[in-house]
Amino acid sequence: MIQEKIINDQILEKMSLENVFKIFNDNVFPMLNDEEREYCLTLQEFCIELNPKIDKSKDVYELFPELGKNGYIQRINQWRDFNPVGMKKEILLGTHLSILDPQLELARLASGILCGNPTFHYYTHGGKSDIPQKIQDELLTGQKIGCIGITEPERGSDAVNMTTKCTKTDDGVVYNGEKVYTTNGPKADYFCCYGVYDELNPRDSMVQSIIARDFGVKTERLKINSVPRVHISHTIFDNVNVPKDYILADDGLGYKRLFEGLVPERLSIMGSGIGICWAALIYGIIYTNLRKQFGKPVVRFQGVGYSLADLLTKSNAAISLALQAASVYDEKILFSEQPSKEAIKWVAGISSQGKYYVAKLTHEICYEVQQQMGGVAVTDNTPVDELMDISKIEEVIGGARNIQLLLIQSQIQRFMGLL
Ligand SMILES: Cc1cc2nc3c(=O)[nH]c(=O)nc-3n(C[C@H](O)[C@H](O)[C@H](O)COP(=O)(O)OP(=O)(O)OC[C@H]3O[C@@H](n4cnc5c(N)ncnc54)[C@H](O)[C@@H]3O)c2cc1C
């Protein structure tokens, strides 16, 4: 609902989701095969149908069951008979949902990928308990909400050296500690949470569990202005008893799963970021083609048109990189009987490069598009200001800028071993 409309009616009418998808398809469909195009068209129909039901004054969570009914809480892994699946489909899902509603996409990714993915990894690694399957079904239907607890008040980028303490009991483990910035935390039914038996040796003692809120998890909502429809918490574990069946990876295996999760997580975040880039850019393209000043469309002024041309080039570079990285991940890792070590190394590196590049680009594009559109873009008359707001957090989530650069720098040093 626009509070006070000042935008020209004819322009507003053209800035529809249908038209955004038309311009997106014109740019992206030549890179996709028939199955991928079909998948996108179905997703677009879903988004266009859901759009009028979204109330931007309400939290995003009531929309989860709508996503769940269509198998759109995640698309990396095969779940029930929702097809097609894989990392490329997940990237395209994140892109479309960000174009539809970037805050819904943030919360969806935290529940479906950050919390949901570990339940799939549990079974890939031979897990036997039925509990993670039940939780997976609850999360992926959108009936329940999940989150991930890695970051602590004193351990952000240095996440491995976490201080949340796990203690073994006869039938499970007790968690004591605090997590921060837990996306979905205040609303979550399940917390995929990491702790260590030995703070001095986290690599060999890390535990990953999926903890039900009613085991005694406490949450306090943080005030984060840029995503008001998503709840993010300070999360407290005060002697929380977790039964064995809820432990996904014990005795140091939690460390391996933490890292196994980071690559799909970063690739998925790229998908969300790409949607933010395309949405802001396309709204900018439509508006500047229709808005006239000095007797002509403002896009014809070089100051406006060249800037959008620069951003279009970068958006295409970003989506090409994401789709290529996802194709390699699908072909050589996810669907391969013998995952290629070379591909695993490459995708780990490229997921950091891509996450770094795309996250930064969301901010550049949203800011530049706002400047090129003028005043209307900072009002609620177009979706661009909401995109600008969420772009502020893209670089911090999933590992801040410097941590991606640190990982990329370590690759650069490894190249010398080739000589
Ligand atoms: C909106 C939002 C949602 C989030 N959601 C989740 C979530 O669901 N679950 C979760 O566990 N976490 C979540 N996070 C946490 C996020 O992953 C961390 O904020 C991030 O890892 C950085 O940690 P920090 O904020 O403590 O910064 P710090 O680690 O304190 O870093 C401060 C600054 O120092 C830099 N720095 C740190 N170490 C180095 C180094 N070695 N070299 C160079 N520079 C360095 C950083 O880049 C940064 O600029 C979320 C964060 C936000 C803001």
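# Close-up views of a predicted model

Buried residues make up 54% of the 419 residues in the protein chain. The model is predicted. The legends below start with the whole chain and then turn to single sites.

**View 1. The whole chain combines 13 helices and 10 strands.** The radius of gyration is 22 Å, close to the 22 Å that the globule rule gives for 419 residues, so the chain is as compact as a globular protein of that length. Along the principal axes, the C-alpha atoms fill a box of roughly 80 × 55 × 40 Å. Among contacts between residues at least 6 apart in sequence, 74% join residues at least 24 apart. The accessible surface comes to about 18,800 Å². Carbon and sulfur atoms account for 51% of that surface.

**View 2. Helix α12 spans residues 384-394.** Of its 11 residues, 8 are buried, so the helix is largely enclosed by the rest of the structure. Which residues of α12 are the buried ones? They are Val384, Glu386, Leu387, Met388, Ile390, Ser391, Ile393 and Glu394. The cover over these residues includes four helices: α5 (87-100), α6 (102-124), α9 (253-290) and α11 (341-373). Two of these covering helices, α6 and α11, return in the next two views.

**View 3. Glutamine 370 sits in helix α11.** Its relative accessibility is 7%, so glutamine 370 counts as buried. The side chain of glutamine 370 makes a polar contact of 2.8 Å with the side chain of aspartate 385. Leaving aside neighbours within four places in sequence, glutamine 370 is in contact with Ala377, Val378, Val384, Asp385 and Met388. Val384 and Met388 are also among the buried residues of α12.

**View 4. Asparagine 117 belongs to helix α6.** With a relative accessible area of 4%, asparagine 117 is buried. A polar contact of 2.7 Å links the side chain of asparagine 117 to the side chain of asparagine 77. Not counting residues up to four places away in sequence, asparagine 117 touches Ile76, Asn77, Gly112 and Pro264.

**View 5. The ligand has 17 residues around it.** Which of them come nearest? Ile150, Thr151, Ser157, Tyr181 and Thr183 do. Polar atoms of the protein also lie by nitrogen atoms of the ligand. A backbone N or O atom of isoleucine 148 is 3.0 Å from a ligand nitrogen. For threonine 151, an N or O atom in the side chain lies 2.7 Å from a nitrogen atom of the ligand. Asparagine 402 places a polar side-chain atom 3.0 Å from a nitrogen atom of the ligand. Taken alone, the ligand exposes 970 Å². The protein buries 66% of that area.

**View 6. Two cysteines are shown, and the disulfide count is 0.** Why does cysteine 40 form no bond with the closest cysteine sulfur? That sulfur, in cysteine 47, is 10 Å from the sulfur of cysteine 40, too far for a bond. A disulfide needs the two sulfur atoms within 2.5 Å. Cysteine 40 has 0% relative accessibility, so cysteine 40 counts as buried. For cysteine 166, the closest cysteine sulfur is in cysteine 193. The distance there is 7.6 Å, too far for a bond. Cysteine 166 counts as buried too, at 2% relative accessibility.

**View 7. A cis peptide bond runs from asparagine 83 to proline 84.** Omega for this bond is near -10 degrees. Where is proline 84 found? Proline 84 is in the loop between α4 (64-69) and α5.

**View 8. Aspartate 251 has a positive phi although it is not a glycine.** Its phi is about 50 degrees. Aspartate 251 lies in the loop between β8 (247-249) and α9. Is aspartate 251 buried, partly exposed or exposed? Its relative accessibility is 46%, so aspartate 251 counts as partly exposed.

**View 9. Phenylalanine 294 is a residue other than glycine with a positive phi.** The value is near 50 degrees. Phenylalanine 294 is found in the loop between β9 (292-293) and β10 (296-297). With 78% relative accessibility, phenylalanine 294 counts as exposed.

Methods
Residues numbered from 1 in each chain as written. Predicted model: local features only at pLDDT ≥ 70, side-chain atom pairs only at ≥ 80, totals over all residues. Heavy atoms only, no water. Buried < 20%, exposed > 50% of the residue type's maximum accessible area, 1.4 Å probe, protein only. Contact = heavy atoms within 4.5 Å. Near = heavy atom within 4 Å. Polar contact = N/O pair within 3.5 Å; in protein donor to acceptor, adjacent residues only side chain to side chain. Areas by Shrake-Rupley, 256 points an atom, 1.4 Å probe, with all protein chains shown as cover. Rg over C-alpha atoms; globule rule 2.2 N^0.38 Å.
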